[in-house]
Amino acid sequence: MLSISRFNLRALVLIILIIIVLFTAAFFNLDHRYSYRLPRPEQLRLPDIQSLKPDFLGGQKRPPPSLDEHFRGNPEAAVPGSIESAISAADVEPHPIDELVRRADKDFEALLSRQTYGIHEAAEAYRKRRGRHPPPGYDKWVAFAEEVNATTIEDLFDQIYNDLGPFWGTPVDHLRASVDAWPVVISVRNGAVRQRTDRERDHTNAWENMVSQVAPLLPDLDMAMNEMDESRIFATWDTVAHYMNVATERQKQNPSLSMSDMISEYPRLPPPEYDPDRFHHSFLRSTPIWSLVAAACPQASPGRRLPSEQNMQWSPWFPDGWPDVSHKGYVSNFTIATDPCSQPHVRGLHGTFIEPISISTSQQLFPIFGGSKLPQNNDILLPPSDFWTAPDTTHDELRMPWSKKADTVFWRGDATGGRNRMPTWARFHRHRFVGAANATALVAAQAFHAHGAYPGYFPELPPDTWILNFQLPNTDHYKITALSNGHLGAWMNQHSDVAFTNLVCFPSEGWGPGCSYTGSFYRPSNWVNMRDHFNYKYLPDIDGNDGGTPRFPAALRSTSVPMKASMYRTWFSSRVMPWKHFVPMDMTYKDLWGIMEYFIGYDDAAVTAPSNPLAQFNGFQRAPNPKDLPTSTDPTTPKTPAEKDALKRQKIYDAEQDAVRAFHGREWGNVRLPPDEAASIHSLLSHGHSITTTRPSADEAARLRQRVADQAAKLRERAPKVVNPHDEVGAWIAEGGARWAARTLRKEDALVYVYRLLLEYARVSSEGRDRMGFVADLKAGGADMA
């Protein structure tokens, strides 16, 4: 009986454990992440495809849809009627961001003026922008877009032509052979979809579902699918330039073709067959990613000339002054700001270039479809599977009146972005962002920064010294009151809620959110439901392992302000406008604090109030600091290299102990520096920079402390005590982004994009592609293509 009881007890424990595991899995699948729930047909407002008959010859125009057509207004929202009224409401001196939002508003109005209505306008705009006739079936595409009330502005489809451009010069046999030899393929035959795969994958199933929605309208085609998160193709610049030149020369012959020469039907294809011998795909699995990026850069670009960084234990290089292509420190050209070829310093500042989560890339040029890519990749972009499978929510569920949202920058996420390891984690972009947005880290950074330029301690550090894993801006370049007043950390403590939910070590250290080598710097926080993010006004979107998460589109729809720094392109990259629909950030995050102060403002009285636990720690005086090093009235001058090295180690140890004592027992934000992490404190204070080998005397130390105090006093005296917020500009961007997303980033809009993309892809993959095109509108009008 006893043995049976023990058996029953074990069985009961096992059943309980199984129930717990199943419950946990269900929770994480249904709530913690966006689960792969394929949209049901009734969830998409699609026309009856079988009865879709475009009436293009009548020349009828649909009335222009308003920006509110897909978007119910919020009576509680107090959004300014114009950007000028929003700027003037702050009642402060002109700021560089004022000019950027004005330009964006003007550019957006020009974009709206190019909207087309009906087949005649759409085809004319196509020929003007693309230099060739639209693909066969273009009339039904226009009818489909109108039926789902999509916005048809030719500019919104530029990404398609950037992706497909080189393939116009690639032989058709090469394109087809590469797909036939690929193991994961989605095919369309006679309006039906079929997937060939070596195993089941959620994201390829989602893409199959997406294509199936418009399959009855598509020609026969075969799509090689990227089964990985990372983009795959890095053809060299010379290879791409060759095929682009071939395509240009062939396109020059198009005007000589008469309408009677044009082919208006796609060829029928035989059943798809897997033939791995038709094409040999060559992949690199150990080559540093930056070397592939550099080879794909234009020959005259800065990125082409720089090798991969070798020593990741040293502090990275940050450009001096304002970032390139910025307007007085703030991003003015987001395309160039996110281009590694133009910003080669990112090779040491972004996890993708340090060590991506996996490496399986090819320098062969062949067509493969994926959800995101670097600008130098040659993958063809689809809407990411996470976007397609994200839960459908109405705009009313996402919306909250702007005035009720918190004046806070809010972010939660895992420490992804590649394989962060013990020597390299401080280079990773997500780690840098969390540090730069964290109050405790800023208290320490501002203190070390203020004293780093003074002789006797760290004389080789420049004024913009690198502390922790981010760099504070020079006050001559960025007029940030919180920085000048010495209260940057205390101010961020009130307006920033940024934390990791999982520190994601590599190699993995087992179950749990912690990590041995980053746990002394970051304290993981609880996961927060995405809908609760929308209770905050400012929502950063930071690259993960790729750039295809649904976070950014969701933030756009939420009437909060998305803030974005990225190295990746997605299908909607040409659809959203910086400073009109979202706030762009530089990858160094130098502009983060200036952006926050512009929108949120600064109030010295509130920042220094007793209720703020960091108010007592002025960044120049009260934080742990090298100025507090123990001094000797009778310093011994080291003579031999061994003596110099010993004294250097002693100085580091002394600084560590002071930093440890200052931080012991005090934790704010999500960064912590416990006393048992002396090696980590060492990395804070040295980071590869040499330290002086002579210790200052007591009198010299006193003079240095006084000099620091005088400098701080001058800065605080010049800095204003109050900076009014540009809250109405934030409301204007939030509302504009939400309205535009409701008009151009619906799942119906994704289908319009996919339908157009696959018409073009089927054409470029067909024999006789140079003579294939839609010209029925010209025949009806008695005109030819000029």
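Valine 561 is a good place to start: with a relative accessibility of 0%, this residue counts as buried, because the cut-off for that word is under 20%. Its place is in strand S13. Keep in mind that everything here comes from a predicted model.

What does valine 561 touch, leaving aside residues up to four places away in sequence? The list runs Trp402, Lys537, Tyr538, Leu539, Val583, Gly730, Ile733 and Ala734. Histidine 581 sits 20 residues from valine 561 in sequence, and their C-alpha atoms are 7.8 Å apart in space.

**The whole protein**

Now step back for a moment. The protein counts 29 helices and 16 strands. It has 786 residues, and 57% of them count as buried. Its accessible surface is about 33100 Å², with 52% of that belonging to carbon and sulfur atoms. If you take the contacts between residues at least 6 apart in sequence, 82% of them join residues at least 24 apart.

**Strands side by side**

Which order do the strands of the open sheet follow? Its 3 strands line up as S2-S1-S3, and their pairing is antiparallel. Strand S2 (192-196) and strand S3 (221-224) are at the edges with a single partner strand each, so one side of each has no neighbour in the sheet. Going from one strand to the next, the twist averages 20°.

Strand S1 covers residues 185-189, and 4 bridges tie it to S3, the two running antiparallel. Look for serine 187 there: its bridge partner in S3 is aspartate 222. Helix H7 (residues 172-180) packs on this sheet and touches S1, S2 and S3. The direction of helix H7 makes about 65° with that of S3.

Another pair of strands is worth a look. Strand S8 (residues 406-414) and S11 are joined by 6 bridges, and these two run parallel. Across that pair, arginine 412 stands opposite alanine 499 in S11. Strand S11 itself (residues 496-502) is mostly covered, with 5 of its 7 residues buried.

**Charged pairs**

Side chains of opposite charge can pair when their charged atoms come close. How many salt bridges does the structure hold? There are 28. Here are some of them, with the distance from N to O:

| Acidic residue | Basic residue | N to O distance |
|---|---|---|
| aspartate 105 | lysine 580 | 3.1 Å |
| aspartate 777 | arginine 127 | 2.9 Å |
| glutamate 355 | arginine 421 | 2.7 Å |

Take the pair of aspartate 105 and lysine 580, whose salt bridge has its closest N and O atoms 3.1 Å apart. The pair links distant parts of the chain, 475 residues apart: aspartate 105 belongs to helix H3 (residues 96-112), while lysine 580 is in the loop between strand S13 (561-565) and strand S14 (583-584). Are these two residues buried or exposed? Both aspartate 105 and lysine 580 are buried.

Next comes the salt bridge between aspartate 777 and arginine 127, at 2.9 Å from N to O. Here helix H29 (residues 776-781) supplies aspartate 777 and helix H4 (residues 118-130) supplies arginine 127, with their positions 650 residues apart in the chain. Aspartate 777 has 5% relative accessibility and counts as buried. Arginine 127 is buried as well, at a relative accessible area of 10%.

Then there is the salt bridge of arginine 421 and glutamate 355, at 2.7 Å. Each of the two lies in a loop: arginine 421 between S8 and helix H16 (429-436), and glutamate 355 between helix H13 (351-354) and strand S6 (369-370), 66 residues apart. Arginine 421 counts as partly exposed, at 27% relative accessibility, whereas glutamate 355 is buried, with a relative accessible area of 18%.

Salt bridges also link up into a network, made of Arg114, Arg129, Arg130, Glu154, Asp155, Asp158 and Arg756.

**One more buried residue**

To finish, find alanine 762 in helix H28 (residues 747-764). Alanine 762 has a relative accessible area of 3%, so it is buried. Setting aside residues up to four places away in sequence, alanine 762 touches Pro219, Asp220, Leu221 and Tyr266. How far is its C-alpha atom from that of methionine 223? The two atoms are separated by 9.5 Å, although the residues are 539 apart along the chain.

Definitions and conventions:
Residues numbered from 1 in each chain as written. Predicted model: local features only at pLDDT ≥ 70, side-chain atom pairs only at ≥ 80, totals over all residues. Heavy atoms only, no water. Helix = DSSP H or I, 4+ residues; strand = E, 2+ residues; numbered from the N terminus. Buried < 20%, exposed > 50% of the residue type's maximum accessible area, 1.4 Å probe, protein only. Contact = heavy atoms within 4.5 Å. Areas by Shrake-Rupley, 256 points an atom, 1.4 Å probe, with all protein chains shown as cover. Pairing = 2+ DSSP bridges. Axes fitted to C-alpha atoms, helices over the stretch in contact; angles between N-to-C directions. Salt bridge = Lys/Arg side-chain N within 4 Å of Asp/Glu carboxyl O.
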